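Reader: I'm new to this one and a bit lost. Could you pick a single spot with me and work outwards from there?

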Amino acid sequence: MQGNIDLLLDHPLGALLGYFTVAILGLVIFLSFFEMVTKYNCWEEIRKGNVAVAMATGGKIFGICNILRFSIQAGASIYETMKWSLVGFLLLLLAYFLFEFLTPVFSIDDEIAADNRAVGLTAMLISVSLSYVIGAAIF
């Protein structure tokens, strides 16, 4: 059975489907964790038109996928890519908490929930920027 899976993943189309599946599953799992740590409901706020939440969430999505991209580009197997995506997610989550901690004069979550687009843009750029640093450190 394992031999058939390895054979499938060695084919370019099989590898594409494998990495795509890892990316989708990673996004679902990691975004659900981000949803748990924020004070607001991301998808409800986006549905209501909250641009700050959309930017912050978009930055998280881009950050997670960018780390996956670096891992794939480095020639990591699907299993290694899963490992690196977990490490990258944990580092992005740490950055989220540091951002909140380093701005004691206001709450990042409260500002984003209130559609403060400057804070949403900053959160997005932190996620995107750090994903490049994390990704470049892979391998």
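Let's start with Ile 61: which residues does Ile 61 touch, not counting residues up to four places away in sequence?

Author: Ile 61 touches Leu 27, Leu 31 and Trp 43, once you leave out residues up to four places away in sequence. Contact here means heavy atoms within 4.5 Å. Before we go on, a word on what you're looking at: this is a predicted model, where local features need pLDDT of at least 70, side-chain atom pairs count only at pLDDT 80 or more, and totals for chains, interfaces and linings use all residues. Residues are numbered from 1 along each chain as its sequence is written, and side-chain values use heavy atoms, with hydrogens and water left out.

Back to our spot. Ile 61 sits in helix 4, residues 51–73. Helices (H or I, at least four residues) and strands (E, at least two) are DSSP runs, numbered from the N terminus. With a relative accessible area of 28%, Ile 61 is partly exposed; buried would be under 20%, exposed over 50%, and partly exposed is what lies in between (1.4 Å probe, protein chains only). Take Leu 31 as a partner: Leu 31 and Ile 61 are 30 residues apart in sequence, yet their C-alpha atoms are 7.7 Å apart in space.

That pair belongs to a wider meeting of two helices. From helix 2 come Tyr 19, Val 22, Ala 23, Leu 27, Phe 30, Leu 31 and Phe 34, and they meet Lys 60, Ile 61, Ile 64, Cys 65, Leu 68 and Ile 72 of helix 4. The two helices pack at an angle of about 145°, and their axes are 10 Å apart. Those axes are lines fitted to C-alpha atoms, for helices over the stretch in contact, and the angles run from 0 to 180 degrees between N-to-C directions. Helix 2 passes helix 4 in a right-handed crossing. A crossing is right-handed if the near helix is turned clockwise from the far one by less than a right angle, and left-handed if anticlockwise.

Helix 2 has another partner, helix 5 (residues 78–101), packed at an angle of about 25° with the axes 10 Å apart. Helix 2 and helix 5 are therefore roughly parallel to each other. The cut-offs: under 35 degrees counts as roughly parallel, over 145 as roughly antiparallel, 65 to 115 as roughly perpendicular, and the rest as oblique. Here too, helix 2 makes a right-handed crossing. On the helix 2 side the contact includes Gly 18, Tyr 19 and Phe 33, and on the helix 5 side it includes Ser 85, Phe 89 and Tyr 96.

Now follow the chain past the end of helix 2. Lys 39 forms a salt bridge with Asp 110, with the closest N and O atoms 3.9 Å apart. A salt bridge is a side-chain nitrogen of Lys or Arg within 4 Å of a carboxyl oxygen of Asp or Glu. Lys 39 lies in the loop between helix 2 (12–37) and helix 3 (42–47), and Asp 110 in helix 6 (residues 108–113), so the pair ties together parts that are 71 residues apart in sequence. Lys 39 is exposed at 60% relative accessibility, while Asp 110 is partly exposed at 42%.

Helix 3 has a salt bridge as well: Glu 44 and Arg 47 meet at 2.5 Å, N to O. They are 3 residues apart in helix 3, about one helical turn. Further on, Arg 117 pairs with Asp 115 at 3.2 Å. Asp 115 sits in the loop between helix 6 and helix 7 (117–136) and has a positive phi of about 65° although it is not a glycine. Most residues other than glycine have a negative phi. In all, the salt-bridge count comes to 4.

Finally, zoom out. The protein chain has 7 helices and 0 strands. Buried residues make up 40% of its 139 residues. Of the contacts with a separation of 6 or more, 72% join residues 24 or more positions apart. An unreviewed UniProt entry places "transmembrane region" at residues 16–37, 49–72, 84–106 and 118–138; its positions follow the numbering used here, feature names are shortened, and annotations may be inferred rather than shown by experiment. Our Ile 61 neighbourhood brings us to the span 49–72, which is 92% helix and 0% strand, its end C-alpha atoms 34 Å apart.
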